[in-house]
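The exercises below can be worked through with the sequence and the 3D structure side by side. Each task is followed by a solution in steps.

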Amino acid sequence: MIKNVAVVGCGIGRTHIVSYAAHPDKFRVVAICDLNDERLASIGDEFGIERRTKDYAEILRMDDVDIVDVCTPPAVHLEQILAALAAGKNVVCEKPLVGSVADVDKVIEAEKQSRGRVLPIFQYRYGNGIMKAKHIIDQGLAGKPYLASVEVFWKRTAKYYDNPWRGRWETELGGVLVTHAIHLHDLLTFIMGPVKSVFARAATRVNNIEVEDCVAGSLEMQNGALASTAATLGSQDEISRLRFCFENVTFESSQKPYAPGDDPWKIIPASPEVQAQIDQAFEGWNFVPTRFEGLFAPYHEALVSGGELPITLADARRSLELLTAFYQSIETERPQPVQVGPDHPRYANWSLANKGADILRYTARA
C-alpha cells in the first residue's frame, strides 16, 4: 500500500524526498511546501512534484495526503505537528521534535486523540554497523555494559549561521546539543539504555552566536555504566565516533560524521568462544540500509500493520529529558537527574537565554 507524503520545508526535506524515492513501492511524495519560491520551484522540478505551495494549511486540506513530513525550523514544530494530528494526518518530524518536555507531553496527548501517529526522526540509528551491534546486545551476547564514549567533532563556520533562525535560542532552541550532538546522544541510549544523571559544561568558542558550540559531559547510565561525551563545531577534521565497552565485546563505530551507523564497525570479542556465538547470531543476517532509507522501510511496515513505530514519542521524550538535564547542569554546575516532569524548573523551557547565556559568553572570553 503506497502512502502519499507531503514534505514541508525543502532544506533537509530534500534528503527525505530522496529517501522516500528509494522506496517507490511504499511512498510517493505528492506535494511540497516551502516559503522560499526559488527552492520550491527547484525541488519541485528536480523530483517532478506538481503540487507546490507556501501555505501549510493547504497541505492539511489535501485529502489524499497520508503523511505530513515536517522539516521546518525547530521553533514551529509544535504548532505544525498539532495541526497535522488534528487533521488526522500521520506526522514525520525532524529533530528536535519540539522545544521542551512539556511540549512533547502535549504531542503525546494529541496523538492519543488523532487517527495519525508521530514518527520522530533519529535516522542515525539506521546503518548496518550499529544494527549489528544492537543485535549482539539484544541476543544477550555482550554481557554487562561498562563504559561508553561519544565524540561529535564537526565544523560549522559563520556562513552556516548566516541564516535568520540558526544560532538563536528563540528559533533554533539551542546549539550543538540540540542540533548536532542530539543524534549521537540518541545512539548512546539506543545501545546503552537510558541515562540516569549528567554533569556538563558548555561554552561558545567557535562562532559569534547566542547558543553553545562546545560541550563536555559525564553521564551515569541507569544500568550503572558510565559514559563521556564531547561535542564541538570547531573541528577541522569532521568525525563522529562512538565506543562501547561491554563485558564480552567492545564496539567502535565508523568515523563518518553524518553516517556513524554505517559499516565498518569494529566488533572485538573477549574470546574465540564469544566470536563463535556472534558468528552464529549473524546467520541469515539482512543488510540494514543507511539513515532515512533504512528508517523508512520499517516505518511503512508499521503504518500498514498498525504495529509500533520504529521510533516513538517515548524515544523523543527521553531525548528531550536528556537535553533538559544537560542545560540544567550547565547552569547550576552540578550533576542533574535525567527525569523531567512538571515540577522540574526547565520542564516548559530548557533555554539558557537569560542567566545561562551569561555563563556561555563568559566562558567564551576565557
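**Exercise 1. Describe the segment at residues 131–244 by its secondary structure, its ends and its annotation.**

Step 1. In this predicted model, the chain over residues 131–244 is 25% helix and 40% strand, and the C-alpha atoms at its two ends are 14 Å apart.

Step 2. An unreviewed UniProt entry places the feature "domain: GFO/IDH/MocA-like oxidoreductase" at residues 131–244.

**Exercise 2. Decide whether His183 is buried or exposed, and list its contacts.**

Step 1. Locate the residue: His183 belongs to helix α9, which covers residues 181–192.

Step 2. Apply the cut-off, by which buried means under 20% relative accessible area; because His183 has 4% relative accessibility, it counts as buried.

Step 3. Setting aside neighbours within four places in sequence, His183 is in contact with Lys95, Gln123, Tyr124 and Trp154.

**Exercise 3. Work out whether the radius of gyration of the protein agrees with that of a compact globule.**

Step 1. For 366 residues, a compact globule would have a radius of gyration near 21 Å, and the protein has 21 Å, so the two agree.

Step 2. Add the extents: the C-alpha trace spans about 55 × 55 × 40 Å along its principal axes, and the protein has 13 helices and 14 strands.

Step 3. Turn to burial and contacts: buried residues make up 57% of the 366 residues, while residues 24 or more positions apart account for 68% of the contacts with a separation of 6 or more.

Step 4. Finish with the surface, where the protein exposes about 16,000 Å², 49% of it supplied by carbon and sulfur atoms.

Key
Residues numbered from 1 in each chain as written. Predicted model: local features only at pLDDT ≥ 70, side-chain atom pairs only at ≥ 80, totals over all residues. Heavy atoms only, no water. Helix = DSSP H or I, 4+ residues; strand = E, 2+ residues; numbered from the N terminus. Rg over C-alpha atoms; globule rule 2.2 N^0.38 Å. Buried < 20%, exposed > 50% of the residue type's maximum accessible area, 1.4 Å probe, protein only. Contact = heavy atoms within 4.5 Å. Areas by Shrake-Rupley, 256 points an atom, 1.4 Å probe, with all protein chains shown as cover. UniProt positions renumbered as here; feature names shortened; annotations may be inferred.
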